[in-house]
Amino acid sequence: MKTKILFVEDDVVLRNNYVEILELFDFTVIPAEDGEEAMEILQKQDIDVIVSDIRMPRMNGLLFLKNVRAEEKWANLPFILLSAHAENTDYENGIKSGANEYLTKPIRGKDLVNAIQNVIAEVQ
C-alpha cells in the first residue's frame, strides 16, 4: 500500500510542484493550503506522514503541529516542517514543538523523499 502524505503549503506553485515530485516517487499525496484545511482532511482520512510549511494564513504550521500533537490518535504521526528560515533557533523551535524533521526551503525533491522515508522508519 502506498504511503499517504498530507502536504500543506499555501504557495500553490510550490505545493503543486512538490505534490508532482512526491507522486513520481509513488506516494499518494493529499494537498492542503493551510493548517485549517489540513485539520479537516485529518478528520476524514488516514494519513501516514504530514509535511507542512510554517508560514501560512489562517493556521500556520506551528499551530497546526500543536493541534495535531494534542490529539492522542495523531501524537506519533510523522511530521516534517518546511520553512524558508534556516536559523538554528527556527530549527530548535520546530523540533521542540514536536516535529520529527525540519527542512529549509528550497528543498530538492530527493532530499524531501529521503526525509519522509527516514521519519517513517523512525516510527516503525
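**Two nonpolar cores and a buried aspartate**

The largest nonpolar core has 22 residues, and those with the most contacts inside it are Leu 6, Leu 42, Ile 50, Phe 64 and Val 68. Here a nonpolar core is a set of buried Ala, Val, Leu, Ile, Met, Phe, Trp, Tyr and Cys residues joined through side-chain atoms within 4.5 Å; buried means under 20% relative accessible area, exposed over 50%, and partly exposed in between (1.4 Å probe, protein chains only). Two or more residues each come from strands E1 (4-8), E2 (28-32) and E4 (79-83) and from helices H2 (35-44) and H3 (61-70). Helix H2 supplies the largest share, four residues. Helices (H or I, at least four residues) and strands (E, at least two) are DSSP runs, numbered from the N terminus. Apart from this core lies another, of 19 residues, among them Ile 5, Val 49, Ile 116 and Val 119.

The model is predicted: local features need pLDDT of at least 70, side-chain atom pairs count only at pLDDT 80 or more, and totals for chains, interfaces and linings use all residues. Residues are numbered from 1 along each chain as its sequence is written, and side-chain values use heavy atoms, leaving out hydrogens and water.

What of Asp 53? This residue sits in strand E3 (residues 49-53) and is buried, with a relative accessible area of 4%. An unreviewed UniProt entry annotates Asp 53 as "modified residue: 4-aspartylphosphate"; such annotations may be inferred rather than shown by experiment, and positions follow the numbering used here, with feature names shortened. Contacts of Asp 53 (heavy atoms within 4.5 Å) include Asp 10 and Lys 105, not counting residues up to four places away in sequence.
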